[in-house]
Amino acid sequence: MSINYARAAGADFAAMRVASSHVTRQPSARPRLDDEIDKLAKTLSEDVTIAAERSQSARAAKAAAKVKEAANAWVAIHRRRFQADGTGNNEASAREIDDVDQLSNVVNQQIELLVNYTAGDGFLFRQRALAAIKRDLQLNVVALTVALLLSGLFSWLLARRIIGPVAIASKAASLQSRRALELDLREAMDKDEFTLFYQPIYDLRMDRISGFEALLRWPHPKRGLVPPDQFIPIAEDIGLITPLGEWVLNRACEQAAGWPSELKIAVNVSATQIRDPRFAEVIANALDASTLAPHRLELEITESVLLGNSAETVATLHKLKAQGLSIALDDFGTGYSSLSYLRSFPFDKLKIDQSFVRDATATNGSKLIVRAITSLGRSLGITITAEGVETIEQLDQIRAEGCNEAQGFLFSRPVPATEIASTILNLRGGLARRHLSGAMTG
Ligand code: C2E
Ligand code: MG
Ligand code: MG
């Protein structure tokens, strides 16, 4: 630290004065003492130089120069004083003693100033250094932030260049595959490639099959058996659902006409089909051509059919109901489930969506929903069918809640028309018998 060197200069000068006083008392030792004073003067000069340099201030440099100047003058007078007779005890020397004392005071004052300046400057220096560190830190933070922003921008640009084309390519690929499916669908329609599977609906009170639901299948030569969820929305988009739905109605009625007369046939119809002005006529033609009694035909619609509550749609449903058909609300609970739909049309049946049935044995929420729908149906005089029953536990649960009918893999998967007879036989005499025979043969 610079102040230490300033203080050392003070000690140097004190030693110089002590040596000078020894010359007075021991003139014989003067050469050695002069030599010592010269060495001390040199050290003092070096000390004040270092103190000034380290304090890095103009005022300290000025004080250091004055210390050196006063110290040199002091050494010069010290020499002159002893040159006359070697003792310093003469008249000329007496004058110079005063000068030496005065100069000693000057040297001490300047050293004191230097000590004070270096102390203050050291403090200022530290302050400046701290400020510089703080500034550097702030600059580093700013530089880091800018670097991060730039790297983010760079990554974004890179991602746009890479992900953008990939996304466009994958969109193009999915558009292409959809286009291919559309072409295949039209071709399948022309070639009459569709078929119907049937799934039994089981009456829990009578303990027998009450009917079958017709479920559309597309056995594609390359794609395999395409499920309806995959192609019906496309058929709706490209306007194919109306002729396809008409084909389903005709084929289902034709099949059902050959079954025992107590069995009903349920057919799913989409919103587009019902909104078609020819719909009532299509139904009438299907019944006429198959000679199926209207009370054996049930139409399954979803809430989407009633969206917007179109007066024409409701009028069509009323007309069909008046002709003896029954109308079921499918997938109940999954759509908007507005109870006003139940008021806008007197449905014959509510089919509780399989998601609630599946969870009815696991979560309390689903169990309570099944209970609420069942009691609603009971109050309104509507048949309640539970869809997607897969286990005995689920069957016990929905039976306990008071559902009238059940449908699901527990009874039978959807089967082709050729397996209708065996399915009826299999379920005749109740589920217990079927399981017993399954256990015996299995
Ligand atoms: P949906 O009318 O609710 O038919 C019931 C669906 O649940 C059928 O699927 C059936 O195979 C399936 N299912 C029945 N029991 C179980 C079970 O225990 N567990 C499970 N996991 N599933 C079960 P699918 O045949 O794939 O039909 C899907 C949907 O496609 C139908 O739902 C219906 O909305 C629509 N759909 C089917 N055929 C036609 C049709 O001819 N016309 C129209 N517009 N839609 C149809
Ligand atoms: Mg259905
Ligand atoms: Mg359903």
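**Exercise 1. How far apart are the magnesium ion (ligand 3) and the magnesium ion (ligand 2), and which residue coordinates both?**

Solution. Start with the distance: the magnesium ion (ligand 3) and the magnesium ion (ligand 2) are 4.1 Å apart. Then take the shared residue: Asp 330 coordinates both ions.

Some ground rules come next. This is a predicted model, where local features need pLDDT of at least 70 and side-chain atom pairs count only at pLDDT 80 or more, while totals for chains, interfaces and linings use all residues. Residues are numbered from 1 along each chain as its sequence is written, chains are lettered from A and ligands numbered from 1 in the order in which they are written, and side-chain values use heavy atoms, with hydrogens and water left out.

**Exercise 2. List what coordinates the magnesium ion (ligand 3), and place Asp 331 and Glu 387 in the fold.**

Solution. Step one is the donor list. Asp 330 (OD), Asp 331 (OD), Glu 387 (OE) and Glu 387 (OE) coordinate the magnesium ion (ligand 3), at 2.0 to 2.5 Å. Donors are N, O and S atoms within 2.8 Å of the metal (3.2 Å for Na, K and Ca); water is not among the atoms, so sites may look incomplete.

Step two is the spacing. Along the sequence, the donor residues of this ion read D-D-x55-E. Asp 331 sits in strand β6, and Glu 387 sits in the loop between β8 (383-386) and α14 (392-401), so the pair ties together parts that are 56 residues apart in sequence. Helices (H or I, at least four residues) and strands (E, at least two) are DSSP runs, numbered from the N terminus.

Step three is exposure. Glu 387 is buried, at a relative accessible area of 7%. Asp 331 counts as partly exposed, at 27% relative accessibility. Buried means under 20% relative accessible area, exposed over 50%, and partly exposed in between (1.4 Å probe, protein chains only).

Step four is the backbone. Phi of Asp 331 is near 50°, a positive value in a residue other than glycine.

**Exercise 3. Do the same for the magnesium ion (ligand 2).**

Solution. First, the donors. Glu 213 (OE), Asn 268 (OD1), Glu 300 (OE) and Asp 330 (OD) coordinate the magnesium ion (ligand 2), at 2.0 to 2.3 Å. Their spacing along the chain is E-x54-N-x31-E-x29-D.

Second, the fold. Strand β4 (residues 264-268) holds Asn 268 and strand β6 (residues 326-332) holds Asp 330, so this pair ties together parts that are 62 residues apart in sequence.

Third, exposure. Asp 330 is buried, with 7% relative accessible area. Asn 268 is partly exposed, at 30%.

**Exercise 4. At what angle do helix α2 and helix α3 cross, and which residues meet?**

Solution. Begin with the axes. Those of α2 (residues 30-55) and α3 (residues 58-83) come within 8 Å and cross at roughly 170°. Axes are lines fitted to C-alpha atoms, for helices over the stretch in contact, and angles run from 0 to 180 degrees between N-to-C directions.

Now name the arrangement. The two helices are therefore roughly antiparallel to each other. Angles over 145 degrees count as roughly antiparallel, under 35 as roughly parallel, 65 to 115 as roughly perpendicular and the rest as oblique.

Next, the contacts. Residues of α2 including Ile 37, Leu 44 and Val 48 meet residues of α3, among them Val 67, Trp 74 and Phe 82. Contact means heavy atoms within 4.5 Å. The contact divides into 13 nonpolar, five polar and five charged residues. Ala, Val, Leu, Ile, Met, Phe, Trp, Tyr, Cys and Pro count as nonpolar, Asp, Glu, Lys and Arg as charged, and the others, Gly among them, as polar.

**Exercise 5. Where does Thr 374 lie, and is this residue buried or exposed?**

Solution. Thr 374 lies in helix α13 (residues 364-380). This residue is buried, with a relative accessible area of 1%. Not counting residues up to four places away in sequence, Thr 374 touches Ile 352, Ile 384, Glu 401, Gly 402 and Cys 403. Ile 352 is 22 residues away in sequence and 8.8 Å away in space, C-alpha to C-alpha.

**Exercise 6. Which residues does Asp 184 touch?**

Solution. Asp 184 is in helix α4 (residues 91-190). At 21% relative accessibility, Asp 184 counts as partly exposed. Leaving out residues up to four places away in sequence, Asp 184 touches Trp 218, His 220 and Arg 223.
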